[in-house]
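Colleague: I should be grateful for a close look at the empty spaces of this model, together with the strands that can be followed residue by residue. Please write for a first-year student.

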Amino acid sequence: MLERTGTFAENKDIARSLREKFVFPNLKNGFDLIFDYDGVSNTTQSFTHALISEAIRKFGPDVIDRLTFKNCSTEVKKIINIVVEYMQGNMESPVS
Amino acid sequence: MPLAFYQDSRYFKQMEVHIPNSAFLGNINGFLSTLKLDNPDFLKITANPKWISVHPLILCIIGILGKNIPADKITCELIAAPSGHYLKRMKLFEFMGINPGVKEIVEHEPAGRFIPLTQVKNSNDLDYFLKDLVPLLHFDNDPKHVKSIQHIFSELIRNVLEHSRSSDGAVVCAQYFKKTNKISIGVADMGIGLQKSLSQSYPVKDSIEAINLALTPGVTGTTSKPGGTAQNAGFGLFLIKSIAYTGGNFFNIMSGDKMYKLLQKKKSSFKLSGDPFKDRHSIISIPFWTGVAVGVDISLEKTTEFSSLLDNIHDFYSKEVRGQKKARYKRPKFE
């Protein structure tokens, strides 16, 4: 992630590009994904939403088990948690 | 008819701005009551002759009004107040391409004090702006607050770039006030405003309803679907208001004919509300502002670390938004 986003991952154009070129095609082809945040100290809720929310909506909540977030700072972890919970809360059929 | 003669006549309409001796988010009403936005082709600026001390939001408002007007259509009287050099240091006049008389001073290095008026027109400009942010505000040695401040700037400016439909983008500036130990931030645009933007997805009858929706978590102009779109969640302004609220700071947002002012809370409660009108606030009528302008104060003493703020927001989400749903949610995997 660091190479693409810098230490503050906030650029939603980059999130869109990662989503369209990396996240969707790989999930579609059955691969699990690892997002390595090593060196990324901060992110925004908007960036994280743009990166993963559509994958949760499109592939369902089970896709969350196929995503691993590595080397996240405390704040990055908390933001990812908020986005993941927010998306499931807004889906018609959350995990029962 | 000669322009000067016409300008002196009572039939002549122009925008008028008076820079008072003091205008911050708490006492901004006086500034707004003298603001006139009648004719966007001409701008007249006057100032208190004895003292000038204003919030960056005021500078953003004046700067963006004057930015697209030819210099010869702007009249600005001599800035006589000894503190008037502040306006020059924040590059207000340079930004508008005018050069009124201001008492000369030796310019200080900008680092550690302020971010002068800056125009951010696209994502590349924002990247550069955010890189300069930490050294300009001298946050290198204050990691405790830098993440909140980065978050606020990113969310506010991206809102403008994505929703305002203004080719001029956002006008931004910020100032650290040593005496009160706070960072004050202003961001303004002259785009389509909240009501038009949100009307793409919601029926919005007036400016108050537009402000209410804009500050409600999960509402975005790009869709009425719960959860937002792939690119927008509708959480940004709520998050910024929450950062201001938990630190007991002011947060003002104006669009159309109204300004919402989040007032400083009385108790040291951290309970967030999804309904902005349940927070302690006031609504002020203003001359019609086509775009959106936002002012935020962040007290470095009272504002908790960004990590704690995120805990508050997570708690809020779990209790207030998720409510009584019994569903178990999957949790992300971290390594």
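Modeller: The account below treats the enclosed space, then the open pockets, and lastly one sheet. Please keep in mind that this is a predicted model.

Rolling a probe the size of a water molecule over the atoms shows where empty space is left. In this structure there is 1 cavity of 30 Å³ or more. The volume of the largest cavity is about 460 Å³. Its lining is made up of 36 residues, and those closest to the centre are Asn159(B), His163(B), Leu194(B), Ala214(B) and Leu237(B). Both chains take part: helix H3 (45-59) of chain A gives two or more residues to this lining, and so do several elements of chain B, among them helix H7 (143-163), strand E9 (182-188) and helix H10 (236-246). H7(B) provides the largest share, with 7 residues. Sorted by class, the lining of the largest cavity holds 17 nonpolar, 14 polar and 5 charged residues.

We now turn to the pockets. The largest pocket encloses about 590 Å³ of space. Of the 21 residues that line this pocket, Ser53(B), Tyr86(B), Gln175(B), Tyr176(B) and Phe177(B) lie nearest its centre. Two elements of chain B, helix H4 (85-89) and strand E8 (170-177), each give two or more residues to the lining. In terms of domains, at least three lining residues come from each of domain 1 (12-108) and domain 2 (110-322) of chain B. The classes in the lining of the largest pocket are 8 nonpolar, 7 polar and 6 charged residues.

The second largest pocket has a volume of about 240 Å³. Residues of chain A in its lining include Thr5(A), Phe8(A), Glu10(A) and Ile14(A), while chain B is represented by residues including Asp127(B), Leu130(B), Lys131(B) and Gln150(B). Helix H6 (residues 123-136) of chain B contributes the most to this lining, namely 4 residues. Here the classes are 4 nonpolar, 5 polar and 3 charged residues.

The last part is a sheet of chain B. Four strands form this open sheet in the order E3-E1-E4-E6, with mixed pairing. E3 and strand E6 (74-76) of chain B stand at the edges with a single partner strand each, so one side of each has no neighbour in the sheet.

Strand E1 (residues 15-19) of chain B can be followed in detail. With strand E3 (residues 36-37) of chain B, E1(B) pairs in the antiparallel sense over 2 bridges. Met15(B) has Leu37(B) as its bridge partner in E3(B), and Glu16(B) has Lys36(B) as its partner in that strand. With strand E4 (residues 43-47) of chain B, E1(B) pairs in the parallel sense over 5 bridges. Glu16(B) appears here too, its bridge partner in E4(B) being Lys44(B).

The side chains of E1(B) alternate along the strand. Met15(B), Val17(B) and Ile19(B) point to one face and are buried, whereas Glu16(B) and His18(B) point to the other face and are not buried. Glu16(B) thus offers a useful place to begin reading the sheet: this residue has bridge partners in E3(B) and in E4(B), and its side chain is on the face that is not buried.

Terms used:
Residues numbered from 1 in each chain as written. Chains lettered and ligands numbered in written order. Predicted model: local features only at pLDDT ≥ 70, side-chain atom pairs only at ≥ 80, totals over all residues. Heavy atoms only, no water. 1 Å grid on protein atoms, 1.4 Å probe; cavity = no way out; pocket = protein on both sides within 12 Å on 5 of 7 lines; lining within 4 Å. Points joined across faces, edges and corners; volume = space filled by probe spheres on them. Nonpolar A, V, L, I, M, F, W, Y, C, P; charged D, E, K, R; others polar. Domains from an automatic or database assignment. Buried < 20%, exposed > 50% of the residue type's maximum accessible area, 1.4 Å probe, protein only. Pairing = 2+ DSSP bridges.
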